[in-house]
Amino acid sequence: MTLAICFGGLALCGFAMVLLYGHELRRMARFLRNRDGRSNSRLTTEMPGPGFADLARAVNGTLDAADRRERERAAEQRQFQRDLASLSHDIRTPLMGAKGYVSLAAEEPDDAHRTHYLQAAEARLADMEGLLDALFAYARATDAASDLDRRPLVVLPVLADVLTGQFPAFEERGWEPLVDFPDESLVVEADSEALARMFENLVSNALRYGASAPSIVQRGRSLTFSNKVPDPAAIDVNRLFERFYRADVARAQGGAGLGLAVVASLATAQNIEIEASLEGDELSLALIFPPVSGEV
């Protein structure tokens with residue numbers, strides 16, 4: 001009789017514990033369902049022992065991580081809105097300038113002055129076109145749905161084509177780029193158009209903001225673009241590849257601040273490492289290519 005009572009008591013205790021566990025789990029589930037996503041409230045437990053405490057800590061860790069991601073996303077969105085406002089201003093400025101020159105040309109009786117005004121308007125429109133092209137290139141480079149056709153290709157011909165296309169700009173400045181490329185057969189796995197865009201942006205960056213002709217040096221699987229800059233103190237190398245980042249000298253000369261961001265995005269998409277360094281007044285931007293498939 002005593003043994004039966006003991007077993008009965010244990011059964012009742014077990015049943016009561018099951019009810020308490022069920023009640024606590026439902027309470028936790030209700031908290032998570034009804035919790036305001038903007039709230040900083042956290043899950044607590046009323047049950048003794050480490051099990052429910054561990055569960056609460058794990059859930060709260062997940063909530064904390066989600067909150068951090070949301071704050072980062074919101075901060076990035078605010079920064080993006082500021083960047084877009086800045087870019088809109090940069091586009092509006094040459095547009096308004098072009099409209100002003102066209103108006104002057106329409107009222108100018110002198111042919112020479114009219115031609116001057118129209119040329120000035122054309123230059124402003126070219127500036128605006130450059131900004132829009134940069135924005136379009138960045139949008140394509142960061143489009144996750146855009147598939148790159150990565151295949152083994154020889155680097156030097158791609159670089160040579162880019163430098164040939166930039167010959168008039170080099171000639172205008174009286175510059176001759178130094179190309180030191182000992183391994184002419186260097187093969188990388190990349191999309192040819194994307195790689196050409198990267199080279200073009202790196203060379204254009206040196207032409208637009210550099211103080212001397214760039215040097216392009218290949219060593220092993222790295223390719224480094226270097227040039228002297230007029231004001232090294234104005235450059236934050238840690239931010240060079242950020243979207244819309246422009247050093248003071250870049251702001252003075254216009255530009256969208258997207259050229260190097262495009263390089264960084266295309267590099268990431270092709271598993272290419274990219275590094276920036278500044279030694280004295282020399283800025284270096286290095287591309288480090290991974291081995292191609294099957295290469296030791």
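**A walk through the sheet**

Let's start in the middle of things: strand β5, residues 222-228, runs antiparallel to strand β7, residues 282-288, and the two are joined over 7 bridges. Keep in mind that what you're looking at is a predicted model. If you want to pick out individual rungs of this ladder, try Ser226, whose bridge partner in β7 is Ser284. Another one is Asn227, which is bridged to Leu283 of β7.

Now look at the other partner of β7. Strand β6 also pairs with β7 in the antiparallel sense, again over 7 bridges. Here Glu275 is a handy marker, as its bridge partner in β7 is Ala286. Follow the chain from β6 into β7 and you pass through a hairpin with 2 residues between the strands, where Gly280 takes a positive phi near 65°. How many of the residues of β7 are buried? The count is 5 of 7, so this strand is mostly covered, with buried meaning under 20% relative accessible area.

Zoom out and the rest of the sheet comes into view. It's an open sheet of 5 strands, in the order β2-β4-β5-β7-β6, and the pairing is mixed. Why do β2 and β6 each have one side without a neighbour in the sheet? Both β2 (178-180) and β6 (273-279) stand at the edges and have a single partner strand each, so one side of each is left free of a neighbour in the sheet. On average, neighbouring strands here are turned by 15° against each other, if you ignore direction.

Next, step over to strand β4, residues 215-219, which is where you'll find Gln218. Is Gln218 buried or exposed? Its relative accessibility is 2%, and because the cut-off for buried is under 20%, Gln218 counts as buried. A polar atom of its side chain lies 2.8 Å from the backbone oxygen of Gly220. Leaving aside residues up to four places away in sequence, Gln218 touches Asp180, Phe181, Pro182, Asp183, Leu186 and Leu223. Of these contacts, Asp180 belongs to the range of edge strand β2 (178-180), while Leu223 falls in β5 (residues 222-228).

Finally, leave the sheet for helix α3, residues 111-141, which holds Thr115. With a relative accessible area of 40%, Thr115 is partly exposed, because that value sits between the 20% limit for buried and the 50% limit for exposed. Thr115 and Ala105 are 10 residues apart in sequence, and their C-alpha atoms are 7.5 Å apart in space.

Note on methods:
Residues numbered from 1 in each chain as written. Predicted model: local features only at pLDDT ≥ 70, side-chain atom pairs only at ≥ 80, totals over all residues. Heavy atoms only, no water. Pairing = 2+ DSSP bridges. Helix = DSSP H or I, 4+ residues; strand = E, 2+ residues; numbered from the N terminus. Axes fitted to C-alpha atoms, helices over the stretch in contact; angles between N-to-C directions. Buried < 20%, exposed > 50% of the residue type's maximum accessible area, 1.4 Å probe, protein only. Polar contact = N/O pair within 3.5 Å; in protein donor to acceptor, adjacent residues only side chain to side chain. Contact = heavy atoms within 4.5 Å.
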